[in-house]
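Subject: The structure to look at

Hi there,

Here is the structure I promised to pass on. Please open it alongside this email, and then read on for what turned up.

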Amino acid sequence: MDPADSPLLLTEPVTLADPQRERYLETAMEGLGAPATYLLRSPVASAFGAGLPTATVVDLGYQHSRSTCVVDGYALQRTVQQHPWGQQ
């Protein structure tokens with residue numbers, strides 16, 4: 001499948017800074033030649049995957065844990081809580 005033939009849906013962490021987002025999009029659009037790209041915040045993708053537009057999403061990662069409130073499909077940045085506790 002040629003990436004230039006279809007749009008891309010990419011997930012991103014809620015803590016991704018704008019310069020990193022720009023580089024992420026630049027790689028997708030120019031490097032892969034995607035005609036369109038949509039960045040979806042990871043907690044929003046998790047909530048939608050569970051069939052819920054509003055949820056509290058808890059991500060228990062290897063190096064850290066993060067919780068985010070998602071309301072009507074939007075990750076509320078001010079609700080993001082990150083802790084250095086992982087499942088190491």
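A residue is called buried when its relative accessible area is under 20%, exposed when that value is over 50%, and partly exposed in between. By that rule, buried residues make up 25% of the 88 residues in the protein chain. Please keep in mind throughout that this is a predicted model.

**The overall picture**

The protein chain has two helices and six strands. If you walk along the sequence, you meet them in the pattern β-α-β-α-β-β-β-β. Taken along the principal axes, the C-alpha atoms fill a box of roughly 40 × 30 × 25 Å. Among contacts between residues at least 6 apart in sequence, 46% join residues at least 24 apart.

As for the surface, the accessible area of the protein chain is about 6,100 Å², and carbon and sulfur atoms account for 55% of it. The charge count is 5 positive and 9 negative side chains. The centres of those two sets lie 11 Å apart.

**The nonpolar core**

In soluble globular proteins, nonpolar side chains tend to be buried together. Here, the largest nonpolar core has six residues: Leu40, Val44, Ala47, Ala55, Val57 and Val70. The elements that give two or more residues to this core are α2 (42-49) and β3 (55-60).

Ala47 is a handy place to begin looking at the core. Leaving aside neighbours within four places in sequence, Ala47 is in contact with Leu52, Ala55, Val57 and Val70.

**Glu12 and its two arginines**

Side chains of opposite charge can pair when their charged atoms come close. How many salt bridges does a search of the whole structure find? The search finds two, and Glu12 takes part in one with Arg21 and in another with Arg41. The closest N and O atoms are 2.9 Å apart in the Glu12–Arg21 pair, and 3.4 Å apart in the Glu12–Arg41 pair. Glu12 lies in strand β1 and Arg41 in strand β2 (residues 37-41), so this second pair ties together parts that are 29 residues apart in sequence. Through shared partners, the salt bridges join Glu12, Arg21 and Arg41 into one network.

Is Glu12 buried or exposed? Its relative accessibility is 0%, so Glu12 counts as buried. Arg21 is partly exposed, with a relative accessible area of 23%, and Arg41 is partly exposed with a value of 23%. Setting aside neighbours within four places in sequence, Glu12 is in contact with Arg21, Tyr24, Leu39, Leu40, Arg41 and Ser42. One of these, Leu40, is also listed in the nonpolar core described above.

**Pro13, next along the chain**

Pro13 sits in the loop between β1 (8-12) and α1 (18-31). Pro13 has a relative accessible area of 32%, so it is partly exposed. Apart from neighbours within four places in sequence, Pro13 is in contact with Arg41, Ser42 and Arg66. Arg41 is thus a contact of Pro13 and a salt-bridge partner of Glu12. If you want a distance to check on screen, the C-alpha atoms of Pro13 and Leu32 are separated by 21 Å, with their positions 19 residues apart along the chain.

**Thr68 in strand β4**

Where is Thr68 placed? Thr68 is in strand β4 (residues 65-71). At 1% relative accessibility, Thr68 counts as buried. Beyond neighbours within four places in sequence, Thr68 is in contact with Val14, Pro43, Ala55, Thr56, Val57, Ala75, Leu76, Thr79 and Val80. Ala55 and Val57 in that list are also members of the nonpolar core. Thr68 and Gln82 are 14 residues apart in sequence, and their C-alpha atoms are 8.9 Å apart in space.

**A backbone detail at Asp72**

Finally, have a look at Asp72, in the loop between β4 and β5 (74-75). Its phi is near 50°, a positive value in a residue other than glycine. Asp72 has a relative accessible area of 56%, so it is exposed.

Happy browsing, and do write back with any questions.

Best wishes

Technical notes: Residues numbered from 1 in each chain as written. Predicted model: local features only at pLDDT ≥ 70, side-chain atom pairs only at ≥ 80, totals over all residues. Heavy atoms only, no water. Helix = DSSP H or I, 4+ residues; strand = E, 2+ residues; numbered from the N terminus. Buried < 20%, exposed > 50% of the residue type's maximum accessible area, 1.4 Å probe, protein only. Contact = heavy atoms within 4.5 Å. Core = buried A, V, L, I, M, F, W, Y, C linked by side-chain atoms within 4.5 Å. Areas by Shrake-Rupley, 256 points an atom, 1.4 Å probe, with all protein chains shown as cover. Lys, Arg positive; Asp, Glu negative; His and termini not counted. Charge placed at Lys NZ, Arg CZ, Asp CG, Glu CD. Salt bridge = Lys/Arg side-chain N within 4 Å of Asp/Glu carboxyl O.
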